[in-house]
Amino acid sequence: MSVNDQHTGNNSAAPPFDLRSASLTELREFVRGLNEPDFRAAQLFAWLQQKGARSYAEMSDLPQALRDKLARQAALTAPAVVERRISARRDTAKLLLEFADGERIEMALLLYDDPHSRERATVCLSTQSGCAMGCKFCATARCADFRNLNAGEIVVQAQYADALARELGFAGVTNVVFMGMGEPLANLDNLRRAIELLNDERGMNIGQRRITVSTCGLVPQIYAMLDWGMQIGLAVSLHSALPEQRAALMPAAARYSPAQLIEACRDYRRRSGRRVTCEYALFAGVNDSVAAADALAALLTGTDILVNIIPANSGGEGGFHASDKQTTAAFAAALAKHGVDVELRRARGQDIEAGCGQLRRRSDGAGR
């Protein structure tokens, strides 16, 4: 079994046709099967992908007879909002969503209204309802029983975030990052389909260069993503340049060494033209020494990889804590001394548990 096949369920019954996961071509074929004209497919696609319709009743330019057929013969992904939380600074929001089968996921919305970001709204999408990577610092790793999300279940998160961003005074979602629950590259086919739908000019029309995929380091899947020929960004969660230490922090990622991962990043940079980002969470007394920074700089020699230093968030199983400001500054200075570009990321959404590694399937603080 490949990592892309894990935890997808074993139901032999064919699922109903999922409308929100479908391309325009697939919708055209589907409506033909309902003895409807082709132009209905374009109308339906607009309702699903551009307007984010949550019910057939909203699809006002479709005949009632067609809406009745769709209700009987297709599935319309429209999860219930179980919980909505907005940070005290009103710069981060989080939704807990429940799908028709009872599966739950969390997703986050990051809002930037400073002059440098030009009112950017970034949605952090989940691709699985848990994760098999087992990272010791991540709350999502507690969700051991989970499944892959289909493309419609991924896209609908962006649509809900778009509506929320507009409610909070923004013009809608401008950027998409696959950094929510799950390992995106362990759900490769649905990830690709979701990106294609989000990028479609007849849908949300999110530019490929405004989309970033984050991975803990599944090297073969990085090369598979390269073969798509897309201009999407790549971020790799590294957290240590030392193989043994990284294996302890990220057990499933240990199948590929840091050197193998960075070599794949070099290839991604060369073939896509997109600069790669390295995500590095600083954990007090674990990976935050100057020696650890020197090892990271040595690993990145000859690359232009940007290192994002992330304050550790609470919620993981290992009792990790964030490094203090002095240690963080020393780590960043050691990297800069070696010519590595560094960016210090500000902690966001910690009061609503929407930060890196804090997403899980629960409400009221209880695990599901």
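**Strand 10 and serine 323**

Guide: In this predicted model, strand 10, residues 277–282, is mostly covered, with six of its six residues buried.

Visitor: What makes both faces of strand 10 count as covered?

Guide: Look at each side in turn. Thr277, Glu279 and Ala281 on one side are buried, and so are Cys278, Tyr280 and Leu282 on the other. Buried means under 20% relative accessible area, so each of these residues falls below that cut-off.

Visitor: Why are strands 9 and 10 called paired?

Guide: Pairing takes at least two bridges, and three join strand 9 (residues 233–237) to strand 10, so they pair. The two run parallel. Valine 236, for one, has cysteine 278 in strand 10 as its bridge partner.

Visitor: And how do you know that strand 10 pairs with strand 11?

Guide: Six bridges join strand 10 to strand 11 (residues 306–311), against a minimum of two, so that's a pair, and a parallel one. Threonine 277 stands opposite leucine 306 there. Between the two strands the chain passes through helix 9 (residues 290–299), in a right-handed β-α-β crossover.

Visitor: Serine 323 sits in the loop between strand 11 and helix 10. Why is serine 323 called buried?

Guide: Its relative accessibility is 13%, and the cut-off is under 20%, so serine 323 counts as buried.

Visitor: What makes the approach of the serine 323 side chain to aspartate 288 a polar contact?

Guide: The limit is 3.5 Å for a suitable donor and acceptor pair, and the two side chains come to 2.8 Å, so the contact qualifies. The serine 323 side chain also reaches the backbone nitrogen of alanine 284, at 3.5 Å.

Terms used
Residues are numbered from 1 along each chain as its sequence is written. This is a predicted model: local features need pLDDT of at least 70, side-chain atom pairs count only at pLDDT 80 or more; totals for chains, interfaces and linings use all residues. Side-chain values use heavy atoms; hydrogens and water are left out. Buried means under 20% relative accessible area, exposed over 50%, partly exposed in between (1.4 Å probe, protein chains only). Helices (H or I, at least four residues) and strands (E, at least two) are DSSP runs, numbered from the N terminus. A crossover is right-handed if, with the strands pointing away from the viewer, the path from the first strand over the helix to the second runs clockwise.
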